[in-house]
Amino acid sequence: GLDLSVNDAAMAIVGKTPLEEAVLQTQALYGRPSSLAVYLTHLQTSGDVDPVTLEFWARYSRNFDSALSHLARISFELAATDNERWSALQLMREAMKRGEAESAIRLAEILLRENPEDTRAEAWDLLAPLAERGSGDAINLMLHYANRGDEEATRGEAELFARFAAIIEERGDFQALAFALPHVARESQQDYINRMKSVMTCDFKSAVRFSEALARIGRPEEARDWLFIAGNLADDTPWKLVKMGDSYRDSVGPSASAEMMSNYIRAWEAGSGVARYRLLDRYTTPAYAEYDPEAATELFLDAFQTLEDEGLASILGRLRGSTEAVQAAVRERIDLIDPYERAAWSGDRSAMREFGYFLRDRATDAVAMREAMAWVQRAAEAGDPSAMFELSRAYAFGIGVVADAGDARAWLRRAADAGH
């Protein structure tokens with residue numbers, strides 16, 4: 001079936017085929033909140049739906065809990081202007097007034113993610129009452145955005161558990177129980193596992209979360225079993241396949257190499273850029289059992305053909321940091337000056353930096369070194385912190401430029417100010 005997770009904001013524009021639209025409409029009619037929200041957003045953005053139909057679905061969605069929360073979240077993800085973002089936040093606040101706890105969670109998450117220092121107090125006011133009622137989502141957000149410099153805030157996982165242990169024991173939901181599992185006494189762990197099973201939703205995220213919790217208490221084979229269940233719920237969605245690969249890597253370990261790599265490869269074949277980087281990490285790192293210069297070469301060559309600008313520059317940076325065996329395997333297949341130069345001329349500052357480094361590393365005379373440092377200087381002037389630092393060294397030692405202590409200090413200060 002269609003994956004109607006709100007994580008895929010683009011699903012708000014589904015309906016590309018009659019079958020997709022029919023499936024979406026059927027799930028919306030059954031009252032699934034995320035489906036209702038996605039379908040309503042689809043109708044609102046399609047531009048050819050009559051007002052009567054829109055009004056029907058707007059009224060129909062009010063009969064189901066959490067539908068407005070999902071609509072608000074999708075609206076925020078799709079917002080292209082400040083006004084649209086503000087409207088989406090107002091939708092969340094309206095959903096909160098209707099008692100939809102999920103909107104309070106999502107609003108708090110946005111407030112913390114977008115501008116955590118300015119909006120922390122409002123976010124904490126939203127999360128604390130939910131955590132006091134046993135909401136694991138609220139507790140996990142408090143942990144993720146904990147301000148360790150704030151003496152009044154909970155500073156870490158152990159402190160959060162101590163604060164909410166009694167509430168979780170009494171009425172914690174699935175996420176709260178999963179959060180608490182590594183912290184409860186060993187003799188209580190099986191009881192928590194049984195409770196997790198009794199209250200969990202049978203979906204992909206819950207199965208993965210179950211696996212993560214089991215791994216943390218030293219049960220990797222049980223964690224593996226739950227990942228197998230999650231795999232049956234992943235429906236070849238790229239981000240889910242990447243998550244599966246990450247979970248096999250982190251929760252099961254080296255014995256799950258085959259499953260990890262299979263999920264990364266499937267995700268990459270489905271178009272995931274993240275999966276490409278995961279695979280390159282395994283193929284180019286000698287410490288990993290999956291180290292394979294030839295397999296890495298195939299990925300690099302594919303990236304050179306399909307990526308542009310910043311994406312291409314990032315891949316080139318990864319190649320430059322790879323082992324000599326990997327770089328040699330790539331050089332046997334392609335003249336690297338072409339992708340480096342193509343990326344640099346796009347105007348992307350990281351691409352200009354990488355091209356400068358590439359030319360510097362192969363320079364054999366002063367003319368070639370001056371050309372290399374000219375590209376580094378272009379990147380520095382465009383605001384690249386690493387290029388600024390490298391340019392300060394060049395001026396300090398007269399590498400490709402006329403040595404100038406004043407310029408060296410100036411570029412070093414700029415690099416520091418830029419966060420290098």
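Biologist: How many aromatic pairs does the structure hold?

Modeller: In this predicted model, there are seven aromatic pairs.

Biologist: Why is the pair of Phe204 and Trp239 called edge-to-face?

Modeller: Ring centres must lie within 6.5 Å to pair, and planes over 60 degrees apart count as edge-to-face. The centres of the Phe204 and Trp239 rings are 5.8 Å apart and their planes stand at 90 degrees, so the pair is edge-to-face.

Biologist: What makes this a link between distant parts of the chain?

Modeller: Phe204 belongs to helix α12 (residues 204–216), whereas Trp239 belongs to helix α14 (residues 238–252), and the two are 35 residues apart.

Biologist: How do you know whether Phe204 and Trp239 are buried or exposed?

Modeller: Buried means under 20% relative accessible area and exposed means over 50%, with partly exposed in between. Phe204, at 5%, therefore counts as buried, while Trp239, at 28%, is partly exposed.

Biologist: Why is the pair of Phe300 and Phe304 called stacked?

Modeller: Planes under 30 degrees apart count as stacked, and the rings of Phe300 and Phe304 have their planes at 25 degrees, with centres 6.3 Å apart, so this pair is stacked. Phe300 and Phe304 are separated by about one helical turn, because they are four residues apart in helix α17 (residues 293–306). With relative accessible areas of 0% for Phe300 and 3% for Phe304, both residues are buried.

Biologist: Which residues do ring pairs link into a cluster?

Modeller: The cluster joins Phe174, Phe210 and Trp226 through ring pairs. Trp226 is also one of the buried residues of α13.

Biologist: What makes the buried residues of α13 line one face of the helix?

Modeller: The buried residues of α13 are Ala223, Arg224, Trp226, Leu227 and Ala230. Viewed down the axis of α13, they fall within an arc of 165 degrees, so they line one face of the helix. They pack against α11 (186–199), α12, α14 and α15 (257–269), while Phe228 and Asn232 are exposed on the other side of α13.

Biologist: How do you know that the reach of α13 is close to the expected one?

Modeller: Helix α13 has 13 residues, and the distance from its first C-alpha to its last is 19 Å, which is close to the 18 Å expected at 1.5 Å a residue.

Biologist: What is notable about phi in Asp235 and Asp236, and where are these residues found?

Modeller: Most residues other than glycine have a negative phi. Asp235, however, has a positive phi, near 45 degrees, and Asp236 also has a positive value, near 60 degrees. Asp235 is found in the loop between α13 (220–232) and α14, and Asp236 is placed in the loop between α13 and α14 as well.

Biologist: Why are Asp235 and Asp236 called partly exposed?

Modeller: The partly exposed range lies between the 20% and 50% cut-offs. Asp235 has a relative accessible area of 39% and is therefore partly exposed, and Asp236, at 48%, also counts as partly exposed.

Biologist: What makes Arg282 a charge over the ring of Tyr288?

Modeller: For an arginine, CZ must be within 6 Å of the ring centre and within 35 degrees of the ring normal. The charged end of Arg282 sits over the ring of Tyr288, 3.7 Å from its centre. Arg195 likewise lies over the face of Tyr192, at 5.3 Å from the ring centre.

Methods:
Residues are numbered from 1 along each chain as its sequence is written. This is a predicted model: local features need pLDDT of at least 70, side-chain atom pairs count only at pLDDT 80 or more; totals for chains, interfaces and linings use all residues. Side-chain values use heavy atoms; hydrogens and water are left out. Rings of Phe, Tyr and Trp (its six-membered ring) pair if their centres lie within 6.5 Å; planes under 30 degrees apart count as stacked, over 60 as edge-to-face and the rest as tilted. Buried means under 20% relative accessible area, exposed over 50%, partly exposed in between (1.4 Å probe, protein chains only). The expected span of a helix is 1.5 Å times one less than its number of residues. The arc is that of the directions from the helix axis to the C-beta atoms. Contact means heavy atoms within 4.5 Å.
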